[in-house]
Structure formats: structure tokens, C-alpha cells
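Let's take a walk through a protein model together, from its overall layout down to a few individual side chains. Have the viewer ready and follow along at your own pace.

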Amino acid sequence: MAGENHSSVTEFVLLGFTDLQGLLFVTFLLIYITTLLGNLGMIILIKTNSQLHVPMYFFLSHLSFLDICYSSSTTPKLLSGLLTERNIISFNGCITQFFFFAAFGTTEGVLLTAMAYDRYVAICEPLHYFTATSHGVHVQLVVGSYAVGSLNALVHTSALLRLSFCGPNLIDHFYCEIPPLLLLSCSDTWLNKIVMAVCVGFIVTTSVLAIVVSYACILLSAWSIPSVEGRHKALSTCTSHLVAVALFYGSVAFLYFHPFSRHANQGKAASIFYTVVTPVLNPFIYSLRNEEVRSSLRRATNKLQSCTYSHRSCSNQTRADATCHSGVSSRSQADT
């Protein structure tokens with residue numbers, strides 16, 4: 001595919017945002033740092049707490065990893081662009097950025113579907129939960145999610161490489177994405193539009209359909225629980241996942257199913273929500289809405305505070321012993 005490309009453009013200029021750049025830089029930098037710390041903290045909490053070594057949190061740790069990765073594929077370039085007059089990215093860098101963004105973004109969408117299956121089995125088939133979601137099964141689901149994401153990104157990247165870009169090279173966006181790139185190509189882009197519609201439509205439709213069917217079964221199963229408390233407990237474990245699904249697929253639908261040429265500003269806003277805001281919200285959604293995560297976080301915080309207090313106590317005791325020893329030595333020398 002690369003051999004068919006006869007592009008005369010060797011670099012692109014990302015127009016990004018032209019207003020309030022200083023304020024946007026500080027805002028996006030704080031959000032990005034919070035994204036890294038929040039998701040990394042979630043991964044560490046899950047890995048170090050044995051009570052969270054169950055399939056749902058195994059999926060959640062990979063969701064946090066994906067949030068870090070696909071936010072990092074766009075946000076650093078966005079931040080650097082807010083500090084420079086011309087945010088330049090090479091042709092190869094643009095294609096590489098798009099590949100990793102598409103791979104991590106698609107993987108997250110498929111992983112959210114796998115998490116819906118996990119909730120379905122936990123509530124509708126509780127006696128078979130640990131059999132149906134054994135370690136081998138959920139590893140296969142995660143590996144399959146990464147495989148689908150990588151394959152989708154490879155298909156779109158190959159389709160982009162067959163295009164020619166003769167100029168202009170101004171991308172009205174803050175990262176390399178298919179819709180604004182197609183507007184700059186001097187080749188016929190009908191195949192790319194078909195590939196985008198088919199791939200994105202198929203993945204989004206099948207994923208959302210699987211999630212809807214899973215939750216329809218969950219609601220029917222929960223409705224059969226006689227006690228209100230039991231129904232609430234069963235459904236409370238699904239709230240965080242539903243919010244994450246709504247945020248992710250809502251922004252994806254707005255981004256890909258609206259013509260970018262007519263809604264450039266809305267496309268940027270949806271992309272900001274999709275690439276910057278959603279990754280920082282996920283760890284808070286799962287930590288605030290999940291009692292097990294909250295209790296594990298409290299225990300970890302108390303343990304850290306206890307260790308810090310013990311370390312300070314030991315340090316104070318050591319200084320006190322040293323002072324006492326110095327006083328004894330001084331008295332001995334005086335007696336002598």
C-alpha cells in the first residue's frame with residue numbers, strides 16, 4: 001500500500017485551537033496529569049489488592065491502561081501545539097499517530113463489550129460465573145479486544161497510505177484523524193469513506209447491540225429478584241459500566257456519524273471529550289460508584305498513613321536515642 005502513495009506532502013500543520021491557548025494548555029495539562037495518575041493508581045490498586053483479583057477488575061485494569069495509551073497518543077501533541085505558532089507533524093508521524101489512536105480507541109470499545117458480558121454472567125448466571133469467566137476466558141477476551149483494535153487500525157491506515165496528498169497541508173484538527181485527512185487528499189476517497197463507514201458501523205453496531213442485549217437480560221434477571229435490596233445490589237455493579245459506555249459511544253457516534261466538513265468545531269469538541277475528558281473520568285466513575293474499589297482505596301490509604309507514621313516514629317526514636325547516647329558520652333567525659 002505504501003508503494004502506491006505518491007504524496008508530495010511531507011508534513012502537516014495541525015491548526016488545533018487558536019483562542020485562549022494559555023488557558024487551554026493549563027487545563028489540558030492538568031487533565032492529562034490527572035488521567036495518568038488516576039488510571040495508573042487504579043492499575044496499582046487492582047494489582048496489589050488480592051480482593052480485586054476477579055475478572056471485572058482484570059478488565060478494569062486494562063481499561064485504565066488503554067485510557068493512558070490513547071490519551072497519550074494525542075494529548076502531548078495537543079499540548080505542544082498550544083505552545084507553538086505552527087504545530088507541525090511529519091507525514092509518517094501523522095500516520096503513526098492515527099494508527100495507535102485508532103488501535104487503542106477500538107480496543108477500548110470492544111473491551112467495554114467484554115465487560116458487559118462479564119456483568120451478564122455475574123448477574124444472570126452467578127453459579128457458573130467463575131467457570132464461564134475463568135482466567136483463560138477473560139485473557140482470551142482481552143487479547144481478542146487488542147487484536148480487533150489492531151486489525152481495525154491497520155485496515156484504516158493501509159487505506160490512508162494509498163491516498164496522495166498534493167497540498168494544502170493544513171489539518172483543521174488537533175490530531176491526525178480520518179475525516180479531516182480525507183478533505184486534504186487529491187485522490188478519490190470513496191474507498192476510504194466506504195471502509196470507514198463499514199468498519200466503524202460494524203464495530204459500533206455489534207458492540208452496542210451486544211451491550212443492549214446483555215443489559216436487557218440483566219434487567220429481566222434483576223426484576224425476578226424478590227427483594228428491593230437484592231435488585232439494587234445487582235444493578236449497582238452495572239452503573240459505572242453503563243456510564244462509561246454512554247460517554248465512550250456517545251462521543252464516537254457524534255464524531256464519526258457527522259460530516260466533519262460541516263461540523264469542524266463540533267468535531268473538535270467531540271474529539272476533546274473522546275480523547276481528553278473520557279479517560280480522566282473513567283477511574284473516578286469506577287472508584288466513586290464501586291464500594292469494593294472505595295474500600296480498597298481506603299485500606300491502601302490507611303496502610304500508607306500507618307507506614308508513614310511508623311517511619312516518622314522510628315526516625316524520632318532514632319534521633320532521641322542518638323541524643324541520649326550523646327548526653328551519656330558527654331557526662332562520662334566530664335566525670336573523667
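How many salt bridges does a search of the whole structure find? The search finds one, where a salt bridge is a side-chain nitrogen of Lys or Arg within 4 Å of a carboxyl oxygen of Asp or Glu. Before visiting that pair, please note that this is a predicted model, in which local features need pLDDT of at least 70 and side-chain atom pairs count only at pLDDT 80 or more, while totals for chains, interfaces and linings use all residues. Residues are numbered from 1 along each chain as its sequence is written, and side-chain values use heavy atoms, with hydrogens and water left out.

Let's begin with the overall layout. The protein chain has 11 helices and three strands, counted as DSSP runs numbered from the N terminus (helices are H or I with at least four residues, strands are E with at least two). Read from the N terminus, the order is β-α-α-α-β-α-α-α-β-α-α-α-α-α. Of the 336 residues, 44% count as buried; here buried means under 20% relative accessible area, exposed over 50%, and partly exposed in between, using a 1.4 Å probe and protein chains only. The chain exposes about 17,400 Å², with carbon and sulfur atoms supplying 67% of that area; the areas come from the Shrake-Rupley method with a 1.4 Å probe, and for residues only the protein chains shown count as cover. Among contacts (heavy atoms within 4.5 Å) with a separation of 6 or more, 79% join residues 24 or more positions apart.

Now back to the salt bridge. Asp118 pairs with Arg119, and their closest N and O atoms are 2.9 Å apart. Side chains of opposite charge can pair when their charged atoms come close. Asp118 counts as buried because its relative accessible area is 1%, and Arg119 is buried too, at 8%.

Both residues also help to line a cavity: the second largest one is bordered by Met56, Met115, Asp118, Arg119, Thr237, His241 and Tyr286. A cavity is found on a 1 Å grid over the protein atoms alone, as a set of points where a 1.4 Å probe fits but cannot get out, and lining residues have an atom within 4 Å of a point. Two cavities of 30 Å³ or more turn up by this rule, and the second largest has a volume of about 50 Å³; grid points are joined across faces, edges and corners, and a volume is the space filled by probe spheres set on the points. Helix 4 (91-124) and helix 9 (228-256) each give at least two residues to the lining of the second largest cavity, and helix 4 has the largest share, with three.

Staying with helix 9, look for Tyr249. Tyr249 is buried, since its relative accessible area is 7%. Leaving out residues up to four places away in sequence, Tyr249 touches Gly109, Val110, Leu112, Thr113, Val204, Ser207, Val208 and Ile211. For one of these, Val208, the separation from Tyr249 is 41 residues in sequence and 8.1 Å in space, C-alpha to C-alpha.

Next, turn to helix 1 (residues 21-48), where Thr35 sits. Thr35 is buried, because its relative accessible area is 0%. Not counting residues up to four places away in sequence, the contacts of Thr35 are Asp67, Ile68, Ser71, Val276, Pro279 and Val280. Thr34 lies in helix 1 as well, but with 31% relative accessibility it counts as partly exposed. Beyond its neighbours within four places in sequence, Thr34 is in contact with Val280 and Phe284. Thr34 and Val280 are 246 residues apart along the chain, yet their C-alpha atoms are separated by 6.5 Å.

Finally, visit the surface at helix 6 (residues 135-161), which holds Leu151. Leu151 counts as exposed because its relative accessibility is 54%. Together with Leu154 and Val155, Leu151 makes a nonpolar surface patch of about 260 Å²; patches are made of residues with over 30% relative accessible area and no salt bridge, with like charges joined within 9 Å and nonpolar side chains (Val, Leu, Ile, Met, Phe, Trp, Tyr) within 5 Å. Val155 leads on to Cys199, found in helix 8 (residues 190-223). Apart from neighbours within four places in sequence, Cys199 is in contact with Asn152, Val155 and His156. The C-alpha atoms of Cys199 and Val155 are separated by 8.8 Å, at 44 residues apart along the chain.

Definitions and conventions
1 Å grid on protein atoms, 1.4 Å probe; cavity = no way out; pocket = protein on both sides within 12 Å on 5 of 7 lines; lining within 4 Å.
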